[in-house]
Amino acid sequence: MKRTVPTRSCAAIAAALLACVAPAFGAQSVPRNFTDEVGRAITVPAKVNRIVSLAPNLTETVYALGLGDRVVGDTNWCDTPEAAKSKPHVGDPQNPSIEAIVALHPDLVLATTSINAVDTADSLQRLGIAVYTSDPHTVRGMLESTGHIADVIGVPQQGADLVGKLQQRLDALHARLSDRPMAHVLFVVWLDPLQSIGPSTFIADALRWASAESVVTTSQPWPRLSIEEVVRVQPDYIVFADDHEGQATKLADLRARAVWRDLDAVVRGHVVDVSQEIIRPSPGLIDVIEQLARDVHPEAFASARENSAAQANCAEGTAPCVR
Amino acid sequence: MSSAAGSASPMVTSERTPGVRLKVEQASYAYAATDRSAPKFALGPTSFEAQQKELVAILGPNASGKSTLLKLLAGIERPLSGRIEVDNTEVSSLDLRTRAQRIALVQQESELLFPLRVWEYVLQGRYPYGKRLRFESEEDCLLAANALAQVGADALRDRWMDQLSGGEKQRVILARALAQQPSLLLLDEPTQHLDIGGKVELLRRLRRLADESRYTVLVVTHELNLAAEFSDRIVLLHKGKCLRVGTPAEVYDRALLEEVFEAPLDVEMRAGGRPRVILGANFGT
Amino acid sequence: MRPLTPKRVALICAGLGALLFVAAVVSLRIGAYPISVVDIVKTLGSGILGRWESIPSEHRSIIFDVRLPRILLGILVGASLSTAGTGFQALLRNPLADPYVLGVSSGAALGAIIALIAAPHAAGAVQIAAFVGAAATTAAVYFLGRRGGQVDSATLLLAGIVAVSFLSAIIMFLMTTMSGRDMRGMAFWLMGDLASTLPTNPLPWFEALFFVFIVAGGAIYATSSDLNLILTGEQEARHLGVNVNRVRLVVYVAASFLTGLAVSVSGTIGYVGILVPHVMRMLFGTDYRLLIPTSAIGGAILVVVADTLARSVLSPTELPVGALTALAGAPVFIYLMRRRVR
């Protein structure tokens, strides 16, 4: 007999081996299809290495996923984290330079409805560039968005981890505050003239997670409020999101203004200045929510404060260090 | 038109000394030359006088210097040389309001921006008297009414200015000038837009104003026959020069007129010593 | 022949003044914080008598720190704008002229936007910068608009148009560089707004505003006889003894001052300067000795009413008062024009 049987079995084994290995190869080169949050169908390569972000919150999100090195371009306004400032800039979010974006050869461009123009995404799509537009209206929505973006980039596990951690923190906060009444706050967007937020805005939702309810009842998103209304409802806390000047300056400013200085909140010094991140649907928002919760519900965090006060005293040497 | 309306009120004719009202002595004027050469004289040295109750015609063809002389008389421009005096005061030394009390200028009126009633318009002639921000007194109203009566425009009192005919409007403008109670009444080509009936009526009125109300009236015109018929004196201008001053009979010399008006003319002397000018026999050739 | 008498002027102004009083009283009653009429009277009474302790501090705050200053400001701004409007209409010989056509408001807006960019939280910076901008534009347009050393209507109007377009271009450029948040302050200012926070002690402010209004408004009123004459013809007015050049300069400066002041404290409230003089003219005639005071009071009434509506229509949200004067002004204007044509 000649050696035909061994040849055939070799071929079969080779084919079987190839069949095992093939999917791995195929997976790496097959592009993936998604639908973004505004209903646009996009196609991204298997591995997304070059990302251009068109909004500060999206830049922050990508960095939070640990993929900062994949960001090849962002906007002039992207300032968190620090490293984002030194990335190549494509302009400002409302009016980025399409040419600059194209020149960076991105695999994926991230945009959001809250700040980017629809035209930008349309133009990029026409040029064959994949644009994922997120559309978060609530904090939960932001978390879901983060997960989706992680999927699109191709790191679903990291996404799930990040979202899981953030959700944990929110749940812990909720638990701590669940037996307390909500604080009534006036969120000041602008003082002259007085402008606040409506109940369906993103900020209002973020406030609710800190167990704070905006005193504004009208349905407009950015209502210009009468100061009389503020006097009528007498909010517990007045919240600014300026972080240029600090709480002390803001309080002093309000104390110097007629009508404001007679408000309960101002008299008691219940004026809070939180980071501007509160308007940003990004992972950093959770930090701000926690900070705000501490500011407007100090009693719920008393033990924590005592601890940190004790630690501070220990560091300064004004009290014996315990444990 | 009864003379009672004009001379009944003692204030229409003020207590000014009779005699020479207007004295023009060697007055001349030139516009600034553009090429720094000798200034082009719009009006060479001119002299004449006018008295109370006189109607003087400033006569000449177009571009003879009539408007320039009028501007000097009204005080709009200062004479380059010589003097112009009204009631023994030099015109250019008067302040605006005093000047408006002595001299009234009647011109073709410009478009009114807002509607105005005739009596309101005439009352404005009282502006030079009293304070700057003023409310009209009873005396003002009386004088304005008088002025309207003097021009025969009583009936127009409550009409709107923009609804008047050309002749009516001119009478009202004249009334406003009279309300100023001037010594000197200046009219700039007042017969321009009037038909022959209107022209005669106007000149008759001016004649009456001079005779009965003792105004000194100066009319700038190029109407030869009207000037001859109604004026006491004529100042004949030609190309910026004052050629002759005198009565119509003295001034209307055929050769002179033909040269000035550059047309074939004949001068007839009528009964009463007033000349009449007609087109010459060789017109048409 | 029934000439205008001081008594008639006083009578008509008293009547309009009564209307203004009613509007102010109604305005005092309206607001997001409910205060009954009884409480208002009590608060006012206690305030006048100096017995602050007997009324709740919230009432005092609302009446004396929120509503009353706003009403007073509305009166001053409305009176200033309409008086300026009558002046400019005479100056430019155009019944369609409004106080903003010569660029005063654009200069003020530019000053305000620069202040918002450079010092957004400095108290009073916007107002002062706006006034400086208005004054500078007034001077610039004056020098551009002269012909032969005198104010000339046509040249002035052209200079104003040039100024407006030039300043608008700069403003637009600056607005694109401003961040979205700072823009908010600007947007309301451009539409006209009486709610800018007054400084901690508003009384000297009001005294200053009132003083300027009296002086500038008085200067214009002093020329009202002159203006009556000028409107029948400039040459004729000169021959009647009017110092036309001086009158025009006085009116130009005074009206620009009034406009600049009004715009500096409340932004560009439209229609007041053009509509009120027209309405008053249709009601009371074109005699400026009556037109100026009636326009002043009429303008005050218009702004107070418009602001009251702005505060109450969508309460507790407030609309900018300029939006209401425009919304109400246009149809009224059209109605009046049609009546006149008939």
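**A tour of two contact surfaces**

Start in chain A: 15 residues of domain 1 are in contact with 12 residues of domain 2 of chain A. Keep in mind as you click around that this is a predicted model.

To see both sides, colour residues 30-169 of chain A as domain 1 and residues 179-316 as domain 2, following the domain assignment. Put a marker at the C-alpha centre of each domain of chain A, and you'll find the two markers 30 Å apart.

Next, stay on the side of domain 1 of chain A that touches domain 2, and select helix H2 (56-64), helix H5 (139-153) and helix H6 (156-177) of chain A; these are the elements that each give two or more residues to that side. Which of the elements gives the largest share? Zoom in on H2(A): five residues of this side of domain 1 come from there. Now colour this side of domain 1 of chain A by residue class, and you get seven nonpolar, six polar and two charged residues.

Time to leave chain A. Show chains B and C together: 28 residues of chain B are in contact with 22 residues of chain C.

On the chain B side of that contact with chain C, pick out helix H3 (96-102), helix H4 (118-123) and helix H5 (138-150) of chain B, the elements giving two or more residues each. H3(B) is the one to centre on, since its four residues are the largest share of the side of chain B that touches chain C. Finish with the class colouring again: the side of chain B facing chain C holds 17 nonpolar, four polar and seven charged residues.

Terms used. Residues numbered from 1 in each chain as written. Chains lettered and ligands numbered in written order. Predicted model: local features only at pLDDT ≥ 70, side-chain atom pairs only at ≥ 80, totals over all residues. Domains from an automatic or database assignment. Contact = placed C-beta atoms within 7 Å. Nonpolar A, V, L, I, M, F, W, Y, C, P; charged D, E, K, R; others polar.
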